[in-house]
Amino acid sequence: MDAMVVTGGCRLQGRVRAGGAKNAALPIMAASLLADGPMCLKNVPDLADIRTMMRLLAKLGVESERRPNGDLVLESRNARRNLAPYDIMRTMRAGICVLGPLLARRGRAEVSLPGGCAIGDRPVDLHLKGLRALGARLDIRHGYIVGSAPGARTGKRLRGAEMYLGGPFGSSVTGTANVLMAAVLAKGQTVIECAACEPEVQDLARVLIKMGAKIHGIGSPCLVVEGVDRLVGVPHTVIPDRIEAGTLLVAGAATGGDVTVEGARSSDLFALVHVLREAGARVERFDDTIRIRARRRLKSVDVTTLPFPGFPTDLQAQMMALLAVADGISIITEKIFPDRFMHIAELNRMGARIRKEGNAAVVHGTRRLSGAPVMAGDLRASAALVIAGLIAEGKTTISRIYHLDRGYERIERKLAALGATIKRIKER
Ligand code: EPZ
């Protein structure tokens, strides 16, 4: 297993580019199940989760190939395979995004429930609610969602419906994606109220429109879909990864650096920019580039995660690492995944003073962290530990970085190019 060794104490400086958005690419890859003909996707990052989705789609009869120029080409060829097995689904929750397309296009699906993970329970009731509203019959059998469209044998389809997709924590990103992908081929009109507005959902809607779908209200909490009979494969360039861009910006600010991130669309990162400014960083925004400078020790600031355009839960852990050394007390409230605080114990091992209080963390800023061997149980927590390692005195070894590799393509190279002392090692 690989580990990352970070030696802290340097200011990050320079220019870096964020890659394509993993969380946009994954549902868009699933949309290839809906298309006649090949989809050619550009700006798809080379990540473990993307390769897992390729393996899952292969099980469902979708051939995919990474071209030498980096393009990812996917084409659905065998429409009789409808089983998404547990051994793949348990490693990547986004696999659930094949459920809607399978029901809409093939009329049948057997998709393993993905199970919980380090950040919480992660139910899929909203996915099921939306698909049932479209007429799908869905049962849970032996850990699988077993579903069919009405009259699947006679070639009938899902039918449009009005639905409310809000849950106890607001909208659902992959839930909206799943239901949207089912609705585009349903008969008649679908209205999804409390749809997720995240940029990744917007990107999916845009590619579906290119494929021939009729969708109104993109980026708003009310999506209106007029079902069509057929969708075709199209070329598409995936949006840049706002979470990778945000992570690099937070790393720049946390080290008192001067970092310019390309592929950082300020419309996607509004909440982060606001919070970093409040903490005392200088942030300049250009079209798809953001520059951050932080010369002095940053100030404490309160952060609450919320669905887009609120502060993203996927940047909460990284922000906590930054605030661990800020001047004053910060309260970080997690309103999406109330248990997403696994990183607190590890940050405290590095000398941070953070206390969990229900769904909030009270962060007493200290002047310094000290390097330590640490380990994270999820992707963004691992990124937070890398940032903590950059700030800390001495050496930090972060184990189990396969989590990091699920969401960041060669992050050590990007950080090293900004002046970080970081290397990947093999751990016994
Ligand atoms: C997506 O997960 C992202 N994953 C997550 O990124 C991200 O943290 C999350 O959205 C929130 O922004 C992908 O896009 C592949 P949700 P998703 O459904 O869709 C509750 C990362 O680090 N809920 O929007 O699974 C749920 O428990 C990952 O890249 C229900 O109650 O998240 C949570 O409290 C981790 N019932 C809230 O809604 C449901 O049926 C939002 O979850 C579905 C969700």
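**Exercise 1. The second largest pocket**

Take this predicted model and work out what volume the second largest pocket has and which residues line it closest to its centre.

*Solution.* Start with the space itself: the second largest pocket comes to about 380 Å³. Next, look at its walls. The lining counts 18 residues, and those closest to the centre are Ala254, Thr255, Gly256, Val325 and Ile391. Now sort the lining by class: you get 10 nonpolar, three polar and five charged residues. Finally, check the helices. Helix H8 (242–254) and helix H12 each give the lining at least two residues.

**Exercise 2. The shell around the ligand**

Find out how many residues surround the ligand, and which helices each supply at least two of them.

*Solution.* Step one is a count: 23 residues surround the ligand, with Leu126, Ser172, Thr174, Asp314 and Ile336 as the closest. Step two is to map the shell onto helices. Those that each supply at least two residues are H1 (22–30), H5 (125–133), H6 (173–183) and H12 (379–391). H5 has the largest share, with three residues. Step three is chemistry: the shell splits into 11 nonpolar, six polar and six charged residues.

**Exercise 3. Oxygen atoms of the ligand**

Identify which side chains place an N or O atom at 2.6 Å or 3.2 Å from an oxygen atom of the ligand.

*Solution.* Go through the side chains one by one. Asp314 has a side-chain N or O atom 2.6 Å from a ligand oxygen. Thr174 brings a polar side-chain atom to 2.6 Å from an oxygen atom of the ligand. With Arg340, the distance between a side-chain N or O atom and a ligand oxygen is 3.2 Å. Then ask how much of the ligand is covered: on its own it has 830 Å² of accessible area, and the protein covers 91% of that.

**Exercise 4. Helix H6**

Decide whether H6 is largely enclosed or open, and say which of its residues are buried.

*Solution.* Remember that buried means under 20% relative accessible area. Now list the residues of H6 that pass: Gly175, Thr176, Ala177, Asn178, Val179, Leu180, Met181, Ala182 and Ala183. That makes nine of 11, so the rest of the structure largely encloses H6. Then turn to the start of the helix, where a side-chain oxygen of Ser172 comes within 2.9 Å of the backbone nitrogen of Gly175. Ser172 is also one of the residues closest to the ligand.

**Exercise 5. Unusual backbone**

Here's the background: most residues other than glycine have a negative phi, and most peptide bonds are trans. Track down which peptide bond is cis, and where His142 and Cys194 sit.

*Solution.* Take the peptide bond first. From Phe308 to Pro309 the bond is cis, and omega is near 10 degrees. Pro309 belongs to the loop between strand E20 (303–305) and helix H10 (316–323).

Next come the phi values. His142 isn't a glycine, yet its phi is positive, near 50 degrees. You'll find His142 in the loop between strands E9 (137–141) and E10 (144–148). His142 counts as exposed because its relative accessible area is 81%, and the cut-off is over 50%.

Cys194 also has a positive phi without being a glycine, at about 60 degrees. Cys194 sits in the loop between strand E12 (189–193) and helix H7 (199–211).

**Exercise 6. Two polar side chains**

Work out whether Lys22 and Gln316 are buried or exposed, then name the side chain that each one contacts.

*Solution.* Begin with Lys22, which is in helix H1. Its relative accessibility is 6%, so Lys22 counts as buried. Its side chain has a polar contact of 2.7 Å with the side chain of Asn23.

Move on to Gln316, in helix H10. With a relative accessible area of 0%, Gln316 is buried. The polar contact here is with the side chain of His343, at 2.9 Å.

**Exercise 7. Sequence distance and space**

Find how far apart Glu65 and Arg105 are in sequence and in space.

*Solution.* Glu65 lies in strand E5 (residues 62–66) and counts as partly exposed because its relative accessibility is 42%. Glu65 and Arg105 are 40 residues apart in sequence, and their C-alpha atoms are 22 Å apart.

Key: Residues are numbered from 1 along each chain as its sequence is written. This is a predicted model: local features need pLDDT of at least 70, side-chain atom pairs count only at pLDDT 80 or more; totals for chains, interfaces and linings use all residues. Side-chain values use heavy atoms; hydrogens and water are left out. A residue is near a molecule or strand if one of its heavy atoms lies within 4 Å of it. A polar contact is a pair of N or O atoms within 3.5 Å; within protein, one must be able to donate a hydrogen and the other to accept it, and residues adjacent in sequence count only if both atoms are side-chain atoms. Accessible areas come from the Shrake-Rupley method with a 1.4 Å probe; for residues, only the protein chains shown count as cover. Helices (H or I, at least four residues) and strands (E, at least two) are DSSP runs, numbered from the N terminus. Ala, Val, Leu, Ile, Met, Phe, Trp, Tyr, Cys and Pro count as nonpolar, Asp, Glu, Lys and Arg as charged, and the others, Gly among them, as polar. On a 1 Å grid over the protein atoms alone, a cavity is a set of points where a 1.4 Å probe fits but cannot get out, and a pocket is an open set with protein on both sides within 12 Å along at least five of seven lines; lining residues have an atom within 4 Å of a point. Grid points are joined across faces, edges and corners, and a volume is the space filled by probe spheres set on the points. Buried means under 20% relative accessible area, exposed over 50%, partly exposed in between (1.4 Å probe, protein chains only).
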